[in-house]
Structure formats: structure tokens, C-alpha cells
Amino acid sequence: MKFKKSQKLYNKGLVNLVGAVNSPVRAFASVGGNPLFIEKAKGSKIIDVDGNSYIDYVLSYGPMILGHRHKKVQKAVTKALKNGYSFGASTENEIKLAKIVCDAFPGMDKVRFVNSGTEAVLSGIRLARAYTGKDKIIKFSGCYHGHQDSLLVAAGSGLATLSLPGSKGVPEGAVKNTLIANYNDLESVKAHFEKHDDIAGVIIEPVGGNMGVVIPQNNFLKDLKELANKNGALLIADEVMTGFRSTFGGAQEVLGVEADITCLGKVIGGGFPVGAYGARNEIMENVAPLGGMYQAGTLSGNPIAMVGGIATLSTLKKQNPYKQFDAVGVEIEEAILSSAQKYGVDVTVNRFGSMMNPFFTNKKVTNFEEAQTSDTKKFAVFFWEMIKNGIFLPPSQFEAWFLSSALTEKNISKTKKALDNALKAVSEM
Ligand code: PMP
């Protein structure tokens with residue numbers, strides 16, 4: 001396998017781009033080697049500039065749930081482009097996408113569209129503060145909620161990948177109202193409520209996806225909601241990753257919990273920049289122009305992005321691939337475990353529907369600390385062996401793999417062979 005053109009573009013990119021990337025995880029920093037440059041993608045496959053073809057389990061970090069360039073999405077977007085790209089005024093498709101989203105989440109009467117998951121969460125946090133009149137927010141160690149100042153502490157995703165405890169450039173004042181708790185540890189949340197009476201909300205990834213996949217145990221989410229509400233705080237579900245991925249109604253539907261505020265992104269734009277936050281009327285009526293909480297956006301509700309979202313979500317609803325995702329997920333999970341056993345490699349696999357990943361540890365992984373017991377050197381060897389075998393995974397131990405509905409049986413059996421080769425390579429380190 002050659003990476004000559006990627007290498008050349010990487011060197012060229014270093015001149016005017018930071019690390020030749022526009023988002024840090026793309027830099028392959030924790031697996032060594034240089035980032036791949038992508039030429040195009042179609043269905044379940046992604047192809048780099050050297051012509052190497054990979055089965056894609058990155059899927060743009062989640063949005064491409066139907067696979068790349070799904071016929072219906074491509075057609076709808078191409079048609080929409082003929083009418084204009086941005087108007088700075090309302091369009092009917094904003095209402096249509098809002099209805100699809102609100103129908104899927106029972107706790108949402110109204111929604112506001114923004115351009116990214118980061119914006120969705122920072123607005124959701126502002127809304128919790130506006131509604132409760134309180135300042136403090138509890139977040140969980142290892143959860144990532146985008147790159148807004150107040151939540152860039154003990155965060156997962158790229159910060160976990162680069163082993164950063166937080167970000168430079170975030171003033172102390174910006175995080176003084178952020179309290180950290182441990183995932184799956186209700187006592188750590190209770191301790192904050194016992195000490196502080198000005199907590200506006202508790203934000204959580206209802207299924208962790210940014211420290212690798214971490215699943216809430218027992219009734220953790222239900223208990224969390226009860227505890228938050230009992231103390232006059234809101235439960236904010238960051239479903240940027242899990243929304244429309246865990247199932248159509250997100251992780252909340254699977255886990256039987258209704259958050260007070262829900263933040264969305266990724267899948268709702270189907271690859272176009274869309275984020276959203278929503279809640280019941282009583283909460284959303286605090287947002288301008290109905291209320292005094294200000295939040296705005298030049299490109300918010302962008303007509304092309306709305307069409308991409310509508311086409312993606314309506315196709316997804318029709319396809320209803322969630323059972324299939326589970327079946328494929330089980331197959332891949334079992335393949336990892338059986339090859340790991342064959343070669344004597346310690347592996348724990350966490351999976352929630354179409355989100356999954358292995359950790360190179362013999363420990364159960366239920367929080368960030370346990371996730372960090374994974375041997376990232378082993379992950380790096382595993383990652384490059386998978387690349388050599390034509391499988392594109394996130395270049396980090398602390399990112400989830402995603403399944404698309406475009407995966408074929410042939411893709412899956414190729415993946416299983418690759419997994420076997422990669423785990424063998426790990427055992428020979
Ligand atoms: N929240 C979660 C749970 C996420 O996974 C991400 C992105 N990985 C974000 C927020 C931020 O979204 P974006 O990158 O679109 O700003």
C-alpha cells in the first residue's frame with residue numbers, strides 16, 4: 001500500500017494549515033504516521049488520494065449513517081442548490097426538519113438549528129442557565145461536548161487522544177462554574193449537589209462515545225435525571241453522536257429517559273453542517289425572539305443543510321436499519337473477541353447498537369479512568385494493520401467506530417479477516 005500522494009499533500013498542507021488538518025484527531029497524532037488525504041467516498045467505502053480504498057467505519061465521525069453519497073440525499077441536495085445557498089430568511093424546509101426532529105424526541109416541542117454540535121451544546125448550556133437562573137454545570141470526565149471554553153475540562157475525544165487535561169487559552173473564570181463527576185458514579189454527582197445549590201444542569205453523553213464507547217450501567221441515566229430535577233437542575237442530553245444513531249429517537253429512547261434539553265448534530269445534517277438544541281415549550285420559550293436568552297447564526301438553518309438533513313432522516317426512517325446494525329455489531333464484536341482469544345490479546349469490547357470499539361485491556365470499561373487502562377501502543381499497531389487490510393477506523397483509541405447501512409456482507413467478512421490479521425499483529429508486538 002502506497003501513501004505517496006497523501007504524504008506529499010501532508011507536507012504541502014503544513015505550510016498554511018495547522019498540522020495540515022482542520023480538526024486535531026485527523027492528524028493521526030496518537031497512532032504515528034501521517035494523515036490520509038481523501039479523494040472521494042461512495043456507499044460503504046472511502047478512497048484516498050493514492051487510490052487506496054477502505055471500508056469506512058469513521059463515517060465523518062458519525063454523520064454518514066446511510067453511507068456516502070446516498071442517492072436520495074445527493075439528488076435532493078443537487079436540486080436544492082439550484083434555488084440558492086443561503087437567504088438569511090426562513091424556508092419551509094426548516095419547519096419540515098424541525099417536525100421530524102421534534103416527532104422523534106418526545107421531550108422536544110421546539111428546536112433551534114445551529115451549525116455544529118459545539119454550538120448546539122453551548123446554546124443548550126446557556127438555555128439551562130437562563131431557565132434556572134443558576135450558573136453551575138456538572139459534566140462527566142471523558143465526555144466531550146465540543147470545544148466551548150466552559151466544557152473543555154476532563155474532556156474526551158481529541159483531548160484524550162493527545163493526553164491533554166484541558167485547553168490552553170481557557171481562562172480560569174470560564175471553568176469556575178464547571179464541576180466534574182465520574183461516569184456511572186451517581187455518588188460523585190450527589191456530592192456536588194450536596195455542596196452547591198446553584199447547579200443549573202447536568203450534561204452527559206447518554207452513551208459515552210468520546211472516551212471510546214462507554215455504556216451507562218443499570219439505571220444510571222434515570223437516577224441522574226431524578227437527582228438533577230430533585231435539586232432544581234436540568235438534565236441535558238448531548239445526543240450529538242447518539243441522536244438518530246442509537247435508534248431514531250436517540251439513546252434516550254433506548255434507555256427510557258427523557259432529558260430536559262437535548263443537543264443534536266452529526267446525523268441530523270447527513271454530512272452537512274447542522275446542529276440543534278431543543279426542549280419542551282416552557283424551556284424553549286426563553287430563547288430569543290420569544291425570550292431573553294440570545295442565540296443566533298448567519299448560516300443557521302442553511303437551506304442546503306436542511307435538505308441534506310431531511311433527505312437523510314426520512315431515508316433513515318424508511319430503512320429503519322437499527323436491528324440490522326445490532327446484528328452486524330454483534331458479528332464484528334464476536335469476531336474481535338474470538339481472534340483476541342485465539343492470539344491471547346487482552347481486549348474488552350464496548351458496543352451500543354452501531355457504535356463500538358475495542359479497548360486493549362482486561363478491565364471492564366465503564367468510565368474514563370478504566371478506558372485509559374487501554375494500551376494505546378497496541379491500538380496504534382492494530383490501527384495501521386487495519387489500514388493495510390483496507391479498513392478505515394478512527395485514528396484514536398478514544399473514538400467510537402460507526403456502522404453505516406451501506407455495509408455489505410462482503411464488507412463485513414473482509415472486516416473480520418482484517419480484524420484477525422490486526423489482532424495477530426498485536427500479539428506479535
Ligand atoms: N458533543 C458530542 C457528544 C460529540 O461527539 C461532538 C463531536 N464529536 C460534539 C459535541 C461537537 O460537535 P462538533 O464537532 O460538530 O462541533
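**Notes on a predicted two-domain model**

1. In this predicted model, a helix pair is a good place to begin: the axes of helix α7 (residues 186-195) and helix α8 (residues 220-230) come within 11 Å and cross at roughly 10°. Because angles under 35 degrees count as roughly parallel, α7 is roughly parallel to α8. Two packed helices are in general described by the angle between their axes and the distance between the axes.

2. The residues that form this helix contact can be named from both sides, with L186, V189, K190 and F193 coming from α7 and F220, D223, L224 and L227 coming from α8. Sorted by character, the residues of the contact of α7 with α8 comprise six nonpolar, no polar and two charged.

3. Turning to the whole molecule, the protein chain holds 15 helices and 14 strands, and its C-alpha atoms fill a box of roughly 60 × 55 × 45 Å along the principal axes. A compact globule of 429 residues would have a radius of gyration near 22 Å, and the protein chain, with 21 Å, agrees with that expectation.

4. The interior of the protein chain can be described in two ways, the first being that 52% of its 429 residues count as buried. The second concerns contacts with a separation of 6 or more, of which 74% are accounted for by residues 24 or more positions apart.

5. The domain assignment divides the protein chain into domain 1, made of 4-65 + 321-427, and domain 2, made of 71-319. The C-alpha centres of domain 1 and domain 2 lie 25 Å apart, and the contact takes 31 residues from domain 1 and 32 residues from domain 2.

6. Which elements supply the side of domain 1 that touches domain 2? Strands β11 (348-352) and β12 (355-359) and helix α13 (368-371) each supply at least two residues of that side, and β12 gives the most, with four residues. The residues of the side of domain 1 that touches domain 2 divide into 17 nonpolar, 12 polar and two charged.

7. Some backbone details deserve a careful look, since most residues other than glycine have a negative phi, and most peptide bonds are trans. L59 has a positive phi of about 50° although it is not a glycine, and L59 is found in the loop between β3 (53-56) and α2 (71-81). Is L59 buried or exposed? L59 counts as buried, because 27 C-beta neighbours lie inside 10 Å.

8. N320 is another residue that has a positive phi although it is not a glycine, here of about 40°, and its place is in the loop between α11 and α12 (322-343). N320 is exposed, because 11 other C-beta atoms lie within 10 Å and the cut-off for exposed is 12 or fewer.

9. The peptide bond from A288 to P289 is cis, with omega near 15°. P289 has its place in the loop between α10 (281-284) and α11 (303-319).

10. A last point concerns K71, which has its place in helix α2 and counts as exposed, because it has 11 C-beta neighbours inside 10 Å. From C-alpha to C-alpha, K71 and Y57 are 20 Å apart in space, while in sequence K71 and Y57 are 14 residues apart.

Key:
Residues are numbered from 1 along each chain as its sequence is written. This is a predicted model: local features need pLDDT of at least 70, side-chain atom pairs count only at pLDDT 80 or more; totals for chains, interfaces and linings use all residues. Axes are lines fitted to C-alpha atoms, for helices over the stretch in contact, and angles run from 0 to 180 degrees between N-to-C directions. Angles under 35 degrees count as roughly parallel, over 145 as roughly antiparallel, 65 to 115 as roughly perpendicular and the rest as oblique. Two residues are in contact if their C-beta atoms, placed from the backbone, lie within 7 Å. Ala, Val, Leu, Ile, Met, Phe, Trp, Tyr, Cys and Pro count as nonpolar, Asp, Glu, Lys and Arg as charged, and the others, Gly among them, as polar. A residue is buried if 20 or more other C-beta atoms lie within 10 Å of its own, exposed if 12 or fewer, and partly exposed in between; C-beta atoms are placed from the backbone. The radius of gyration is taken over C-alpha atoms; the globule rule is 2.2 Å times the number of residues to the power 0.38. Domain bounds come from an automatic or database domain assignment.
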